[in-house]
Amino acid sequence: MSEHLQPLAVITGASSGIGREFAKIAAQRGYRVLLIARNLRALEVVSRDLRTETHLLALDLTAAGAVDQISGWLSDRSIVPEIFINNAGFGAFGPAAEMDEAMLKKMIRLNVMALTSLSLRMARHMTRAGRGRIMNVASTAAFQPCPYLGVYGATKSYVLSFTESLAEELKGTGVTATAFCPGPTRTQFGVNAGLKEDSPFDRLSADAARVALTGFDAMMAGRPVVIDGFTNRLGAFMTRLLPRCAVRRIASNLLQKME
Ligand SMILES: NC(=O)c1ccc[n+]([C@@H]2O[C@H](COP(=O)([O-])OP(=O)(O)OC[C@H]3O[C@@H](n4cnc5c(N)ncnc54)[C@H](OP(=O)(O)O)[C@@H]3O)[C@@H](O)[C@H]2O)c1
């Protein structure tokens with residue numbers, strides 16, 4: 001049980017983009033926040049605008065011991081967070097076989113391995129406390145194969161599948177798990193994934209603050225899966241109706257045009 005009265009929300013990848021917006025919403029809704037990312041300067045900038053008790057952890061979640069450091073930070077203070085958002089993640093556009101293998105392994109360590117360890121540890125502690133909300137940020141890339149964004153898409157399919165299973169296993173415990181699936185969103189994601197500023201991906205992108213609000217509200221409502229935006233929901237639905245070979249081809253054409 002937490003020894004503090006004000007509940008804590010932990011957000012990974014809070015130094016920019018959707019994670020920064022989650023931090024703002026959590027602060028506005030009366031949570032203390034623990035913000036995690038590698039760039040301490042950027043975390044400090046985010047924390048300046050938050051009118052709540054704010055803690056910062058500069059951590060590379062792909063580094064050995066990073067997950068233990070988060071667990072240690074919480075257990076040293078006897079805190080079980082009310083909310084834990086696994087948001088940190090990155091992607092890479094292009095043919096997978098031409099990509100740097102070390103970078104792809106790092107992507108899997110961040111998007112899949114750190115997210116899994118943190119989800120399971122939080123689920124364990126929250127279940128004992130009888131309450132809590134876990135949100136894992138997946139993507140609309142989770143719903144089909146994503147040629148030219150293949151490894152990233154596969155990590156997000158994992159996040160979706162794993163989180164849905166966890167949500168089911170947590171039923172009746174007072175703890176919920178939500179897989180949040182945004183479509184293209186205006187953040188550092190595109191540029192970090194190798195796209196130019198003002199790419200078609202950028203022009204298609206939704207506002208990060210609005211996207212984050214959809215996810216946050218769905219998490220608070222305990223929904224197992226939420227897709228942001230009508231067009232994205234329609235796209236995900238169509239992948240169930242069309243033959244797999246057609247889905248692959250359409251995804252390939254669309255993703256090639258994003259660069
Ligand atoms: N933007 C989109 O179009 C889109 C669409 C669907 C899903 N998503 C997902 O949304 C989530 C947030 O991404 P975003 O769009 O907000 O992109 P972003 O602006 O690039 O933010 C990514 C965040 O993750 C952190 N991060 C990256 N590598 C890290 C590491 N090794 N250890 C700790 N933190 C790390 C970054 O901070 P530091 O660099 O300071 O570490 C940053 O705070 C990701 O999971 C992404 O896959 C994005």
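**Entry 1: helix packing**

I looked up how helix α3, residues 66-76, sits against helix α4, residues 101-129, in this predicted model. Their axes lie 10 Å apart and meet at an angle of about 25 degrees. Because angles under 35 degrees count as roughly parallel, I recorded α3 and α4 as roughly parallel to each other. I noted the crossing of the two helices as right-handed. On the α3 side, I found that the contact is made by A66, V67, I70 and S71. On the α4 side, A114, S117, L118 and R121 take part. I then sorted the residues of this contact by class and obtained five nonpolar, two polar and one charged.

**Entry 2: ligand shell**

Next I examined the surroundings of the ligand and found 31 residues around it. The closest of these are G13, G17, R38, N39 and G89. I checked which elements give two or more residues to the shell, and these are α1 (17-28) and α6 (189-192). Helix α1 provides the largest share, three residues. By class, I listed 13 nonpolar, 16 polar and two charged residues in the shell.

**Entry 3: R20**

I then turned to R20, which lies in helix α1. Is R20 buried or exposed? I recorded R20 as buried, because it has 25 C-beta neighbours inside 10 Å, and 20 or more suffice for that class. Leaving out residues up to four places away in sequence, I found that R20 touches A14, S15 and V46. I also looked up R51, which is 31 residues from R20 along the chain; the C-alpha atoms of the two are separated by 14 Å.

Technical notes: Residues are numbered from 1 along each chain as its sequence is written. This is a predicted model: local features need pLDDT of at least 70, side-chain atom pairs count only at pLDDT 80 or more; totals for chains, interfaces and linings use all residues. A residue is near a molecule or strand if its C-beta atom, placed from the backbone, lies within 6 Å of it. Helices (H or I, at least four residues) and strands (E, at least two) are DSSP runs, numbered from the N terminus. Ala, Val, Leu, Ile, Met, Phe, Trp, Tyr, Cys and Pro count as nonpolar, Asp, Glu, Lys and Arg as charged, and the others, Gly among them, as polar. A residue is buried if 20 or more other C-beta atoms lie within 10 Å of its own, exposed if 12 or fewer, and partly exposed in between; C-beta atoms are placed from the backbone. Two residues are in contact if their C-beta atoms, placed from the backbone, lie within 7 Å. Axes are lines fitted to C-alpha atoms, for helices over the stretch in contact, and angles run from 0 to 180 degrees between N-to-C directions. Angles under 35 degrees count as roughly parallel, over 145 as roughly antiparallel, 65 to 115 as roughly perpendicular and the rest as oblique. A crossing is left-handed if the near helix is turned anticlockwise from the far one by less than a right angle, and right-handed if clockwise.
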